[in-house]
Amino acid sequence: MAKLSFRLVFFLLCVQFIGAQDTLCVYKSKGTLLLENNGKLKPIKKGDFIDKYHLVNVPPHAELTAIDNSGNAYLVNVHGKYSFKNILNFKIKQKNTSFTASYFKHIWNELRSTSDEKALIAGVFRGDLLMLSPNDSCKMASSKITLKWQTLENTELYYVFLKNIETDEILKIETNGSQLALFDDAPIFYDGTRFEWAVSIEAFPNLDNIPYFSFELIDRNQYEEEKANYKDFILDLKSMNVSAKEIETILCETYRLCK
């Protein structure tokens, strides 16, 4: 009986593994790419899944970048019609396999979640936690600090609280938008590099009980030093034709190193 159970579990794991390997997810596209399924065509967009029943039409000067659940990436930039197996021949050789694979596994899970929940990466309302970006515990090398949060239905006004951790000074701002830009020459940024911020729909919440995100202001030299830790990862992204601006966004949103 035990041997039978073991065989059953092993069989199910094999089925799951094989099934997972028969799917790719679109990470990025350039140009008008079309996904063909039983003769029906539809435009390809980020987050679409490609399986063994699909054909991908890549016109001239277009590109398809896809990933699998193991963190491998595939770049097709040659005009033609490709099956799932054809796309696997365009696997990108990664310079930093573990680091890059970890990132694309994360993206795979996020895109899978997006397709299931019909929600974009992040941006999911979590109780009274409205803050979206910059991410919690990030480092920022910019003279302009842009805070973004999620808006709620039937709610017009939002209250932003910014605290200088070194001085305990708190700046409170009322706004009817979904983001706020501050500059580092504002008085609250004097004599401090570490800050906390929160957004509330209440004008006078208990400031000791509301949730905060934190960030640290760093200079450009420190930013470049920390960015050097991602050198091979950045080269992997460049080999996939990810732009410098997109790479900055990835470093900020995923690794909390913002410029």
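Reader: Which residues touch the most other members in the largest nonpolar core?

Author: Tyr27, Ile67 and Phe104 do, in a core of 25 residues. A nonpolar core here is a set of buried Ala, Val, Leu, Ile, Met, Phe, Trp, Tyr and Cys residues joined through side-chain atoms within 4.5 Å. Buried means under 20% relative accessible area, exposed over 50%, and partly exposed in between, with a 1.4 Å probe and protein chains only. This is a predicted model, where local features need pLDDT of at least 70 and side-chain atom pairs count only at pLDDT 80 or more, while totals for chains, interfaces and linings use all residues. Residues are numbered from 1 along each chain as its sequence is written, and side-chain values use heavy atoms, with hydrogens and water left out.

Reader: Which elements give two or more residues to this core?

Author: Those are β1, β7, α3 (97–117), α5 and α6. Helix α3 gives the most, with five residues. The labels come from DSSP runs numbered from the N terminus: helices are H or I with at least four residues, strands are E with at least two.

Reader: How do you know that strands β1 and β6 pair?

Author: Two strands pair if DSSP finds at least two bridges between them. Five bridges join β1 (residues 23–30) to β6 (residues 63–67), so the pair passes, and the two run antiparallel. As for a single bridge, Ser29 has Leu64 in β6 as its partner.

Reader: And what makes β4 and β7 edge strands?

Author: Look at the whole sheet: four strands form an open sheet in the order β4-β1-β6-β7, with antiparallel pairing. β4 (49–51) and β7 (73–76) each pair on one side only, and that puts them at the edges. From one strand to the next the twist averages 35°, taken between axes that are lines fitted to C-alpha atoms (for helices over the stretch in contact), with angles from 0 to 180 degrees between N-to-C directions.

Reader: Why do you say that the buried residues of α5 line one face of the helix?

Author: In α5 (residues 231–239) the buried ones are Phe233, Ile234, Asp236 and Leu237. Seen down the axis of α5, they fall within an arc of 155°, so they line one face. That arc is the one spanned by the directions from the helix axis to the C-beta atoms. The background is simple: an α-helix has 3.6 residues a turn, so residues three or four places apart point the same way. After α5 comes Asn241, with a positive phi near 60°.

Reader: How do you know that Cys252 and Cys258 form a disulfide?

Author: The rule asks for a pair of cysteine sulfur atoms within 2.5 Å. The sulfur atoms of Cys252 and Cys258 are 2.0 Å apart, so they qualify. A search of the whole structure finds one disulfide. With 80° about the S-S bond, the link of Cys252 and Cys258 is right-handed.

Reader: What is the nearest cysteine sulfur to that of Cys138?

Author: It belongs to Cys258, 4.3 Å away, and Cys138 is in no disulfide. Cys138 has a relative accessible area of 2%, so it is buried. Cys258 at 3% counts as buried as well, and Cys25 is buried at 0%.

Reader: What makes Lys28 and Glu246 a salt bridge?

Author: A salt bridge is a side-chain nitrogen of Lys or Arg within 4 Å of a carboxyl oxygen of Asp or Glu. For Lys28 and Glu246 the closest N and O atoms are 3.0 Å apart, so the pair makes the cut. Lys28 sits in strand β1 and Glu246 in helix α6 (residues 244–255), 218 residues apart. Both fall in the middle class: Lys28 is partly exposed at 21%, and so is Glu246 at 33%. The total by this rule is seven salt bridges.

Reader: Is Glu36 called buried or exposed?

Author: Buried: its relative accessibility is 18%. Glu36 forms a salt bridge with Lys81, the closest N and O atoms being 3.4 Å apart. Glu36 lies in strand β2 (residues 34–37) and Lys81 in strand β8 (residues 80–83), so the pair ties together parts 45 residues apart in sequence. Lys81, at 47%, is partly exposed.

Reader: How far apart are the closest N and O atoms of Lys45 and Asp48?

Author: They are 3.1 Å apart, and the two residues form a salt bridge. Asp48 has 8% relative accessibility, so it counts as buried.
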